[in-house]
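Colleague: Could you take me through one part of this model closely, namely the strand pairing and what packs against it? I would like a connected account rather than a list.

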Amino acid sequence: MKRRPDPRIYGAFERLVPIRVLGEVFEVPEGVPLIRALQYIEFELGRLRMDWSRFCFNDTIGCCLCAVAAPGGGGAAARACVVTVSAGLEVKTLPEGGVLLPPAIESAS
Ligand code: FES
């Protein structure tokens, strides 16, 4: 049985919604700050690697700068701790040091 994501990390959410990160679609919690959705992609989906110790998580030093776009919109610089996740959000660049990992290969047994 799949465990339920820890609300102490991501905050409360009702459902997962699709966002696009560097061209790939991920289902992440709706309505949470983008930085928490990026943690979800790392901790729950195993597809991202970031050094979380370098982030303030509270919009003070600009450490989470990335480029995002609303559905159908152009890209703009934004802080991942400020942007709220909604369906169709597009992340065009990750905060510095972020690496999107390839999908794990699952065995057929
Ligand atoms: S996490 Fe530091 S400004 Fe966003």
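Modeller: In this predicted model, strands β4 and β6 run antiparallel and are joined by 3 bridges, and within that pairing V68 has V91 of β6 as its bridge partner. Strand β4, which spans residues 65-69, is also joined to β5, residues 76-79, by 4 bridges, again with the two strands antiparallel. On that side C66 is bridged to A78 in β5. The hairpin that β4 and β5 form has 6 residues between its strands, and G72 there adopts a positive phi near 80°.

Strand β6, residues 90-93, has a further partner in β1, residues 16-21, and these two pair in the parallel sense over 2 bridges. Here R20 stands opposite E90 of β6, while V21 stands opposite V91, the residue that is also the bridge partner of V68. Strand β1 in turn pairs with β2 in the antiparallel sense over 6 bridges, and I19 has F26 as its bridge partner in β2. The hairpin of β1 and β2 has 2 residues between the strands, and L22 takes a positive phi near 50° in it.

The side chains along β1 alternate between two faces: V17, I19 and V21 point to one and are buried, whereas L16, P18 and R20 point to the other and are not buried. Two of the residues named so far, V21 and V68, reappear in the largest nonpolar core, which has 31 residues and in which V21, V28, L34, L38, L48, V68 and V85 touch the most other members. The elements contributing two or more residues to this core are β1, β2, α2 and β4, and the largest share, 6 residues, comes from α2. For V68, the contacts beyond four places in sequence include L34, A78, V83 and L89, together with E90, V91 and K92.

Helix α2, residues 34-43, is mostly covered, with 8 of its 10 residues buried. Those buried residues are L34, I35, A37, L38, Q39, Y40, I41 and E42, so that the list holds polar side chains as well as nonpolar ones. What covers them includes α1 (7-10), β1, β2 (24-29), β3 (48-49), β4 and β6.

In the loop between α2 and β3 lies E44, which counts as buried because its relative accessibility is 17%, under the 20% cut-off. The side chain of E44 is joined to that of Y10 by a polar contact of 2.7 Å. Leaving aside residues up to four places away in sequence, E44 touches R3, P5, Y10 and Q39, and Q39 is itself one of the buried residues of α2.

Finally, the cysteines deserve a word. The structure holds 0 disulfides. In the case of C66, the closest cysteine sulfur, that of C64, is 6.5 Å away, and this is too far for a bond because a disulfide needs the two sulfur atoms within 2.5 Å. C66 is buried, with a relative accessible area of 4%, and C81 also counts as buried, at 14% relative accessibility.

Notes. Residues numbered from 1 in each chain as written. Predicted model: local features only at pLDDT ≥ 70, side-chain atom pairs only at ≥ 80, totals over all residues. Heavy atoms only, no water. Pairing = 2+ DSSP bridges. Buried < 20%, exposed > 50% of the residue type's maximum accessible area, 1.4 Å probe, protein only. Contact = heavy atoms within 4.5 Å. Polar contact = N/O pair within 3.5 Å; in protein donor to acceptor, adjacent residues only side chain to side chain. Core = buried A, V, L, I, M, F, W, Y, C linked by side-chain atoms within 4.5 Å.
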